[in-house]
Amino acid sequence: MTTVFSAFERTARAHGSRPFLQVFPEKIEYSYAQALRLAGKIAARYRAAGYRPGHRMALRLPNCPEFLLHFLALNSLGVSVLPLSPDARAAEIDYVLAHGEASAVITRDKLDAPPAAPSAGNARECALLYTSGTTGKPKGCLLSDFYFLNIGQRYLDEGGLCEIRPGAERLITPLPLFHMNALAVSTTAMILAAGCVVQLDRFHPRTWWRDVAESGATIVHYLGVMPALLLSLEPSPLDRAHRVRFGYGANANPKDHAAFEERFGFPLIEAWAMTETGGGAVIAASREPRHVGTRCIGRPKEGLEVRLVDENGMEVSPGDPGELLVRQAGADPRRGFFSGYLKDEAATEAAWREGWFHTGDAVRRGPDGQLHFVDRRKNIIRRAGENIAALEVEAALAGHPAVKQVAVIAAPDEVRDEEVLACVVLNASHAPSAETAAAIQSWCLERLAYFKAPGHVAFIDELPTTSTNKVQKARLSDYPLDPQRRFDLRVRKRRPA
């Protein structure tokens, strides 16, 4: 098996009658044999239009069956795909299309008549996925067919609480297909295991458990916000009317983790990976003890080497947070990782300096050797010698009844170097007042060390986000905060007597 399509074709020939894809809300199901025939017809149209190895095709499609069918069809021809968010703005799309040299863009209204291909192309990858660009222009990650197949196989090999049974699993995911999780992890793993992908158009909290039950899902993929939203719903008989064996995802709020498992009856396996690392460096808390509620991401598997270092590249002391560096053991340290950043060899080599991939994530090692995610390193606030993870403060503030959304960043401080600034979108029933700001700070002071509480609280109407709904903290740092809605609370931050 050298390509994603060849792996799919092999499964389809052996297990044609088994379900490959079910889509919601339409509740349409495709068997492997049906999907193989449809992909073949689509490939014939692309071939007739002149597409061949070296071309890149941008897919600007929502979560729909056509996305995966066109991906498989193009892969069978050796054509790379460049997935785009349907919600991306013109400026975002124009940059990516120009930088990625896409031959054309496929949208819902162009599915049946692919545009004629240009005469030449230079792509040599399976897919080109762009990072979210939270701190600048997005980078294009070159992903090979081996990257896709390896990350799928890595998932199958995880074992423990993540055991995947051949031919028996139905994996439901609301995550976008223009991300590596849904496109590479979920899809490829199910192809290799002859399982079924249950693809939702997006996450619908109020119908989630109904869809999970009706689909017969046995595995759930989640993002951190999902457990909190589901816990906020009124209890229902549907809470346990499912066949789910485990959930797999990242960044569940620690305060929600145990409560979710108790209410809904299955474990949430917290995992760590990046688009750049792929299956070359996946870490998952798939075995007990999982240290639920501590952001534990488990222990590195055999073959993965890990270091935790400070800003000078020195190993940190046990228990202290350090930047996570990863590589494969042996002669090929980049095995399974991305192939590099498109047109940016300097950035690729900078990420791989001194033979290690620098993740930019702060992680600490627990007493038993397991790793615990702290935050993105660039989201660490340095206040009076203390390292404060913005993610931890955000998790605490999110529970306040006035807070609808919150992002925590560093504000310059003439005495302490940096201070914690909480940018808060309020629920409609609360007013942006000094009293509300003080109540939010007090909430945090009751739950975290005093120095972690926000010294400033600013109320804003909305958080600036990317097309994938990640907060753009680089933009937030320059956001025009209304001085009448920003409150300096530093005098209230005092070390307890």
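Trainee: Why is Cys64 called buried?

Mentor: Cys64 has a relative accessible area of 5%, and buried means under 20%, with exposed over 50% and partly exposed in between (1.4 Å probe, protein chains only); therefore Cys64 counts as buried. Please note that this is a predicted model, in which local features need pLDDT of at least 70, side-chain atom pairs count only at pLDDT 80 or more, and totals for chains, interfaces and linings use all residues. Residues are numbered from 1 along each chain as its sequence is written, and side-chain values use heavy atoms, with hydrogens and water left out.

Trainee: What makes Cys444 a cysteine without a bond to Cys423?

Mentor: A disulfide is a pair of cysteine sulfur atoms within 2.5 Å. The closest cysteine sulfur to that of Cys444 is in Cys423, 14 Å away, so the two are too far apart for a bond. The structure holds zero disulfides. Cys64 is in none either, as its nearest cysteine sulfur, that of Cys196, is 16 Å away.

Trainee: Why does Arg307 count as buried?

Mentor: Its relative accessibility is 19%, so Arg307 counts as buried.

Trainee: How do you know that the side chains of Arg307 and Glu315 are joined by a polar contact?

Mentor: A polar contact is a pair of N or O atoms within 3.5 Å; within protein, one must be able to donate a hydrogen and the other to accept it, and residues adjacent in sequence count only if both atoms are side-chain atoms. The contact between the side chains of Arg307 and Glu315 is 2.8 Å.
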